[in-house]
Amino acid sequence: MAVETVTVPGVLSLTLDKATDQLEDLGFKVEAVDTVDGKSIIIEKDWQVTSQDPSEGAQGAKGSTVHLGVKNLEKAAAEKATADKAAADKVAAEAAAAAKVVADKAAAEKAAADQAAAQQVAAQKAAEAAAQQAAQQAVVKPAPVVQAPAPAAAYYANCAAAKAAGAAPLYAGQPGYSTGLDRDRDGVACES
């Protein structure tokens with residue numbers, strides 16, 4: 001007598017009770033094992049199928065056993081919650097990092113702008129100080145060179161004597177001027 005074969009359906013992600021019903025309706029026996037903690041399976045609807053052997057689409061004889069690996073739904077929910085929290089934390093960390101990059105860039109730009117403004121103010125003050133100093137220097141006129149007055153009855157034997165007395169150059173009409181000391185007769189004696 002020929003053995004009747006049936007295509008094994010895919011039951012991954014189903015709860016154990018639904019997977020068992022589906023497989024038994026096709027004539028398979030079901031053996032389920034907790035693949036995570038090795039716990040005993042009491043309430044089938046609290047377990048989710050994570051693996052099956054033979055796999056979906058394989059041919060199996062009616063009456064043969066399909067082995068299912070299962071995980072407790074509470075544990076699956078806790079793992080999902082942990083994974084969701086990790087994903088949310090990662091998104092938050094990436095958002096915080098991006099915000100820090102933006103804030104750091106803004107701070108750097110502000111610092112550069114502040115430095116440029118400070119340099120501009122310093123340059124402006126330096127220019128004002130230079131202009132003020134130049135204005136003060138322009139206002140200050142050199143004091144005129146005052147020559148010691150020659151004595152009223154001054155006489156100089158030569159230009160060396162007039163220079164030694166601090167009276168040179170001598171102008172026509174000044175005490176001590178004489179045409180003998182004025183070689184070019186221009187009215188200024190001992191000029192060089």
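The following paragraphs lead from the overall form of the chain to its salt bridges and then to one buried acidic residue.

The model is predicted. Its protein chain contains three helices and seven strands, and these follow one another in the order β-α-β-β-β-β-α-α-β-β. The overall dimensions depart from those of a compact globule: for 192 residues such a globule would have a radius of gyration near 16 Å, whereas the protein chain has 57 Å. Along the principal axes, the C-alpha atoms occupy a box of roughly 165 × 30 × 25 Å.

Burial and surface may be considered next. Of the 192 residues, 18% count as buried. The protein chain exposes about 13,300 Å², and carbon and sulfur atoms supply 59% of that area. Among contacts with a sequence separation of 6 or more, 53% join residues 24 or more positions apart.

The search for salt bridges across the whole structure returns five. One of them pairs Lys62 with Glu4, with the closest N and O atoms 3.5 Å apart. This pair links distant parts of the chain, since Lys62 belongs to the loop between strand S4 (59–61) and strand S5 (65–72), Glu4 belongs to the segment before strand S1 (5–7), and 58 residues separate them. Lys62 is partly exposed, at a relative accessible area of 43%.

Two further salt bridges lie within helix H2, which spans residues 73–139. In one, Lys85 meets Asp89 at an N to O distance of 2.8 Å; the two residues are four apart, about one turn of the helix. Lys85 counts as exposed because its relative accessibility is 52%, while Asp89 is partly exposed at 40%. In the other, Lys100 is joined to Asp104, with the closest N and O atoms 2.8 Å apart, and these residues too are four apart in helix H2. Lys100 counts as exposed at 51% relative accessibility, and Asp104 is partly exposed at 41%.

Asp182 presents another case. This residue is located in the loop between strand S6 (170–171) and strand S7 (188–189). Asp182 is buried yet has no salt bridge: Arg185, the nearest side chain of opposite charge, is 5.8 Å away. That pair does not qualify because a salt bridge requires a side-chain nitrogen of Lys or Arg within 4 Å of a carboxyl oxygen of Asp or Glu. What lies 3.2 Å from a polar atom of the Asp182 side chain? The backbone nitrogen of Val188 does. Leaving aside residues up to four places away in sequence, Asp182 touches Tyr177, Gly187, Val188 and Ala189.

Terms used:
Residues numbered from 1 in each chain as written. Predicted model: local features only at pLDDT ≥ 70, side-chain atom pairs only at ≥ 80, totals over all residues. Heavy atoms only, no water. Buried < 20%, exposed > 50% of the residue type's maximum accessible area, 1.4 Å probe, protein only. Lys, Arg positive; Asp, Glu negative; His and termini not counted. Polar contact = N/O pair within 3.5 Å; in protein donor to acceptor, adjacent residues only side chain to side chain. Contact = heavy atoms within 4.5 Å. Rg over C-alpha atoms; globule rule 2.2 N^0.38 Å. Areas by Shrake-Rupley, 256 points an atom, 1.4 Å probe, with all protein chains shown as cover.
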